[in-house]
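Q: I am new to this structure. Please take me through one chain closely, starting with its domains and moving on to how its helices pack.

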Amino acid sequence: MADSIRDPPAENTDFQELEDGEDLLLESAAARESEPASLPAVDISTKTNGPKQDSLFDEDTEDLFAEATEEVSLDSPERDVLLSEGPSPAITPITPPISVITPRIGHAHDDMFTHSSFDEIEEEEGGDSFDIHISVSDPEKVGDGMNAYMAYKVTTKTSMSLFRQKDFSVKRRFSDFLGLHSKLASKYLHIGYIVPPAPEKSIVGMTKVKVGKEDQSSNEFVEKRRSALERYLMRTVKHPILLKDPDVLQFLESSELPRAVNTQALSSAGILRMVNKAADAVNKMTIKMNESDAWFEEKQQHFENLDAQLRKLHASVESLVCHRKELSVNTAQFAKSAAMLGNSEDHTALSRALSQLAEVEEKIDQLHQDQANADFYLFSELLGDYVRLITAVKGVFDQRMKTWQKWQDSQMLLQKKREAEAKLQFANKPDKLQQTKDEIKEEIEELEGKVQQGERDFEQISKTIRKEVSRFERERVKDFKMIIVKYLESLVQTQQQLIKYWEAFLPEAKAIS
Amino acid sequence: MMQEGLDDGPDFLSEEDRGPRAVNVDLEMDATLQVDISDALSERDKVKFTVHTKSTLPNFKQNEFSVVRQHEEFIWLHDSFVENEDYAGYIIPPAPPRPDFDASREKLQKLGEGEGSMTKEEFTKMKQELEAEYLAIFKKTVAMHEVFLCRVAAHPVLRKDLNFHVFLEYNQDLSVRGKNKKEKLEDFFKNVVKSADGVLVAGVKDVDDFFEHEKTFLLEYHNRVKDSSAKCDRMIRSHKNAADDMNRIASSLYMLGTQDSTDLCKFFLKVSELFEKTRKIEARVAADEDLKLADLLKYYLRESQAAKDLLYRRSRSLVDYENANKALDKARAKNRDVLQAENNQQLCCHKFEKISESAKQELVDFKTRRVAAFRKNLVELAELELKHAKGNLQLLQSCLGVLKGNT
């Protein structure tokens, strides 16, 4: 890993020394590096853009970190790792509060992202607080037959100055969401950002809807999808970087969106994706990385465990949903049967009581149905979302490995070229010698640059991942707490209703004489 | 008091079911003859019931005594009632169902086989539950056998039956072997004949309004009770399945809680605890519904069948009576064997009238018992459901209080 703090290469004009000794980072609760300000900082003032500048000092971190003080105390091991020096990256993001890069520039973003540090955007003081709410609603079938699709209304309500309006909506279809995710993934995954995964495709489910079956299962499918899309968007905008991505903003705001054909499973892009995935899987097996940072090893293990546990829990909750739905159906059937029994009973008071029992059971079956929905939409989907999210997290760790590999490859190549150069010194072909020597010298210079770049990339991605993981964990804690509390409240409601129903029935039963 | 071959697992059943009286059929217990099952032992494939009698009747040698009986001997007693012509006019108390631990045993076996694939805690938990289930089934079978004896003891005529007294008192094995293949086949044919006959006889319209009404009523009632009983069982099984899922969820949450490094670990542990407790309540709800509703319906399924059998016997005797009348007319016309025909006719008439009289009373009693039993059980069901729902609510609310307070 990087052995010392070094000056950035001359070709990159983005870096400048920071003379100011102030460590602005320490003002924010999530101060990462406690380095003094003698380190080179990133000043991306040359790339600033337009009037939206100020809004980029988005301090949603205030929000997150305010709560983080409870959950991740300054003494927590996680923090300590972040604060410790060890093999930490060379560049400390201490920003002058003026200029910050805006990701609204669509082009050449690769360069920008690797060299600039988005840390500034997060750790800035002032600016908008995180206030945005997105809802997905009104699924509408558009078109007919196999070309039909569902259009969803995406409504954004926000007070953030990032947006042109405070309250606006657009129509989007499922492939638009997939297109958005695919764009974000291609931009951010390889530099270590955890991009929330989009909801899964379902050929069976969609076919039913296209064919026009207006039955309960296709309604449930649409509702399930609508809910998943809403959660997906909210997760995406909660990410401070992704929120400001021009693709995200375009998705939320513009009335017309170019059709994302590359998201179709059977398109050429889809097939390419599959091939790449397979290649990645093979590569992953062959990369043997010398992990010098225990933090990464520990975190990877942590996520493996978490993945296994969540999957198990998810399976149990899905089973509960299934059984509760069964219970609801069986209770309804029993209710009908009890009503029939009541009808045939010739003792009047008992007959009436049995009919009442049938009514109670019918109400209870509806209660079970509602509870099963809560089981699913709150608990089960939360778990499903996190199982998919953890896959994205694992992907980011894999990207780091790939980056490391690239760096190592460059280094090996450089080594080879140097050896070749040394060999040439002892060769005895004077005419060719000078030309080849020059060529090799050029190649060596190029490779040296590549090696340095590779190392920087690796350090950058490592840093980004650390931040992302800590943000992810914070969000995870928040999410789970909030949703599980909501779920328990649904259980409370069910019990309260049950009490009401049985209390109404009891006098009826006692009235049998 | 109860001696079972198992550990007494966690109290799976409601408090009301400590004793063996699971299904209360509101019997009038007479001081002159009291019967109960004071003990039971579960062995490999049979259950041994200790039948305890307290009586002031003179025909018994002692005032208080006990014998050990097995299921087959109960069946023998029941069948002897059914085959006794003198009892044709009574509703014969339905025989207790055979003790069936097969399902439970199979589950225990499967658990044993799968022991390697689950954690120690999971295994112990599931074992405890299965043992509790076994215990519940055991208690139920004891209760059913006891109810049968009590019904007989409460019946003014049946209680005097000699076979009954032998059953109660004879402290040796009654050597009542189970029916062998041939006898079982005979039984099968008898039943076929009876149902065919029953259909024929049911078609005969009765002059007496009371019996006509009862026939229609019982036919329909029996079918509907059968349906309700089956649907009730399915509902309760779903309930048990849901409770099992909660058990697994509790375990998973516990694992998550112990492994998580964030603030969530305490959260998960608390919720895991909640699910554990809530599941126990859900299981109790299912068990109580089983006891108060499902068993009630099953019992009246059997009783209504017994009542139907009574009506069948009466109709049969009516047909015999009418046939005897016809035969008498024929004999008189031919002036041959008139006396014999007359005697036969008198016999049939007498039999028919005797059955009709007692049947009427029996059916009225049946209704009274039924109404009382339903009332008692429905009230108890509602009370238990309320109790459990309130308990559950309190658990949930207190847990929510803790969780919200900490966040």
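A: Chain B is divided into domain 1, residues 25-96 + 140-172, and domain 2, residues 229-406. The model is predicted. The centres of the two domains of chain B, taken over C-alpha atoms, are 22 Å apart. Across the boundary, 18 residues of domain 1 of chain B are in contact with 22 residues of domain 2 of chain B. The area buried between these two domains of chain B is about 1,700 Å². Carbon and sulfur atoms give 55% of that area.

Now the helices. Helix α3 of chain B covers residues 120-154. Two packings of α3(B) can be followed here, one with α2(B) and one with α6(B).

Take α2(B) to begin with. This helix covers residues 102-113. It packs against α3(B) at an angle of about 170°, and the axes are 10 Å apart. Angles over 145 degrees count as roughly antiparallel, so α2(B) and α3(B) are roughly antiparallel to each other. Their crossing is left-handed. On the α2(B) side, the contact is made by B:Ser104, B:Arg105, B:Lys107, B:Leu108 and B:Leu111. They meet B:Phe123, B:Met126, B:Lys127, B:Leu130, B:Glu133, B:Tyr134 and B:Ile137 in α3(B). By class, the residues of this contact are 7 nonpolar, 1 polar and 4 charged.

Next comes α6(B), residues 209-259. Here α3(B) and α6(B) pack at about 160°, with axes 11 Å apart. That angle makes α3(B) roughly antiparallel to α6(B). The crossing of α3(B) and α6(B) is right-handed. From α3(B) come B:Glu122, B:Lys125 and B:Glu129. They meet B:Asp244, B:Asn247 and B:Ser251 in α6(B). The residues of this contact divide into no nonpolar, 2 polar and 4 charged.

Put the two contacts of α3(B) side by side. With α2(B), the count is 7 nonpolar, 1 polar and 4 charged. With α6(B), it is no nonpolar, 2 polar and 4 charged. The handedness reads left-handed for α2(B) with α3(B), and right-handed for α3(B) with α6(B).

A brief look at chain A rounds this off. Its domain assignment gives domain 1 (129-261) and domain 2 (291-512). The C-alpha centres of these domains of chain A lie 19 Å apart. The two domains of chain A bury about 1,900 Å² between them, 55% of it on carbon and sulfur atoms. In domain 1 of chain A, A:Ile194, A:Arg231 and A:Arg235 lose the most area to domain 2 of chain A. Together they make up 33% of what that side buries.

Definitions and conventions:
Residues are numbered from 1 along each chain as its sequence is written. Chains are lettered from A and ligands numbered from 1 in the order in which they are written. This is a predicted model: local features need pLDDT of at least 70, side-chain atom pairs count only at pLDDT 80 or more; totals for chains, interfaces and linings use all residues. Side-chain values use heavy atoms; hydrogens and water are left out. Axes are lines fitted to C-alpha atoms, for helices over the stretch in contact, and angles run from 0 to 180 degrees between N-to-C directions. Helices (H or I, at least four residues) and strands (E, at least two) are DSSP runs, numbered from the N terminus. Angles under 35 degrees count as roughly parallel, over 145 as roughly antiparallel, 65 to 115 as roughly perpendicular and the rest as oblique. A crossing is left-handed if the near helix is turned anticlockwise from the far one by less than a right angle, and right-handed if clockwise. Contact means heavy atoms within 4.5 Å. Ala, Val, Leu, Ile, Met, Phe, Trp, Tyr, Cys and Pro count as nonpolar, Asp, Glu, Lys and Arg as charged, and the others, Gly among them, as polar. Domain bounds come from an automatic or database domain assignment. Buried area is the accessible area (1.4 Å probe) that two parts lose on being put together, summed over both.
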